[in-house]
Amino acid sequence: MATLLFTVEYGLRYFSAPEAPEWAARGYVSDSAARWSFATSISSIIDLCAIAPYYLALCGSSLADQYDGELRMLRIFRLLTLDKYIPSVSLIGRVFAKHAKDFQMAAYASASLWLIFSALMWLTERHDTTEVDDLTMAQRYGTMFSAMPYTLVHLTGDYPLIDYDFPAKCVLFLALLFAVGVVSVPTGLLASGFTQELKKFRAEERQKRVDAATTIERAIISYLRRRRLRKITEETKAQSMNLKRQKDIVKKDNPNKIKMVDFLEQKTLAGRVWKKVMLLLIILNVLAVIGESMSWVKEALGSDFLNGFELMSVLLFTFEYLANVWSANANIRYCFHRRNYTLSFFGIVDLVTVAPFWVQSAMYLSGMQFNAFIFRIARLLRILQLEDFVESF
């Protein structure tokens, strides 16, 4: 049934090709010329490849019977026909056509690097007798031709083989630096080009809808847009007035919370000094976690010093978290609601960085046996608090 439907569609498209404006625009004015142009187009060839194997099998072709499985696999090309309804492959084709010279330059650079590093790997590994997975490196890199597949894998940034001699490792170090360009340049060209073409395609589709709209439709759309804009403006104005009113109430009823908000938001000299101290403390905590993983650092500083530093840090971080929770309903940043702070990125990070210590302490006081290593590693999460100073997440 599927083949019959695809056949009917193909026949109808072939029969109606002279009426399609796209062929006339390309200069195919006669019926036969338009049909020939349709039959030789890529989409038409794909449609034909998707249905031809079925009819070859019906005709009793021995070739079709011999390669029945392979011919059936051609039906997968029917996925490409979706491009008529959801443009994707055609947009990629437009990207390649528009940036052909850029892709040619990237391909030339990639091919040059591939050949150069293949030759270098052949020179450095052709006598290496190290055996990995029943093959010696000399067998893999015995010729430039045999070295090329392995070198190409390394140029993509993947390293399934690591048992190389020192000269080869030096070559691979340089290859790793160039691998970024080999992979990222074509990928970046394709991604940016596809984004531009997609925007252009959407703009064309919008323009088509605008051109097809009647005068009445345009008037209705314009009215709805003005109404929606007026509604958004009124809602924004009302929300701004409400926040201002709440701020005035908080200033009158909770002056201490307002002072705390000013302190935490660095609106005072003491607040700015506090933030700098916290920034230094975060960095020192990260360094302490790294240092504890090295036995010589741990022995040099001593466990008492590290434990004392941990306690002091947790107390300061806990104070800041509780101060934020207490003053959140006076902070316009969180719309005067504690929940907005506790569920925000900063609130969750502040809690996660101190909670492991208090959980560890509670478990210790209750006499539970546990491995404290996981709680110490959790201190590394304090690096997320740098988000308050450097926007990233």
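Gln266 is partly exposed in this predicted model. Its relative accessible area is 34%, so Gln266 falls between the cut-offs of 20% for buried and 50% for exposed. Gln266 sits in a loop that runs between helix H13 (255-264) and helix H14 (269-292). The backbone there deserves a look: Gln266 is not a glycine, yet its phi is positive, about 65°. Most residues other than glycine have a negative phi.

Asp133 also has a positive phi without being a glycine, with a value near 55°. Asp133 belongs to the loop between strand E1 (131-132) and strand E2 (135-136). Is Asp133 buried or exposed? Its relative accessibility is 66%, so Asp133 counts as exposed.

Return to the loop that holds Gln266 and step into helix H14, which follows that loop. Lys275 is part of helix H14. Lys275 counts as buried, because its relative accessibility is 7% and the cut-off for buried is under 20%. What does the side chain of Lys275 contact? It makes a polar contact with the side chain of Glu320, at 3.1 Å.

Helix H14 also has a surface story. Leu280 lies in helix H14. Leu280 is one of the residues of a nonpolar surface patch, together with Ile283, Leu284, Leu287, Ile290, Met294 and Trp296. Their accessible area adds up to about 680 Å². Helix H14 supplies the largest share of this patch, 5 residues.

Now turn to the interior. The largest nonpolar core holds 14 residues. Within this core, the residues with the most contacts are Phe117, Met121, Met137, Tyr141, Leu161 and Tyr164. Which elements give two or more residues to this core? They are helix H8 (100-125), helix H10 (144-155) and helix H11 (166-212). Helix H11 gives the largest share, 4 residues.

Phe117 offers a good way to trace the packing. Leaving aside residues up to four places away in sequence, Phe117 touches Thr151, Leu155, Val171, Leu174, Ala175 and Phe178. A second core is separate from the largest one and has 12 residues. Among them are Met260, Phe263, Phe317 and Val354.

Definitions and conventions:
Residues are numbered from 1 along each chain as its sequence is written. This is a predicted model: local features need pLDDT of at least 70, side-chain atom pairs count only at pLDDT 80 or more; totals for chains, interfaces and linings use all residues. Side-chain values use heavy atoms; hydrogens and water are left out. Buried means under 20% relative accessible area, exposed over 50%, partly exposed in between (1.4 Å probe, protein chains only). Patches are made of residues with over 30% relative accessible area and no salt bridge: like charges are joined within 9 Å, nonpolar side chains (Val, Leu, Ile, Met, Phe, Trp, Tyr) within 5 Å. Accessible areas come from the Shrake-Rupley method with a 1.4 Å probe; for residues, only the protein chains shown count as cover. A salt bridge is a side-chain nitrogen of Lys or Arg within 4 Å of a carboxyl oxygen of Asp or Glu. A nonpolar core is a set of buried Ala, Val, Leu, Ile, Met, Phe, Trp, Tyr and Cys residues joined through side-chain atoms within 4.5 Å. Contact means heavy atoms within 4.5 Å. A polar contact is a pair of N or O atoms within 3.5 Å; within protein, one must be able to donate a hydrogen and the other to accept it, and residues adjacent in sequence count only if both atoms are side-chain atoms.
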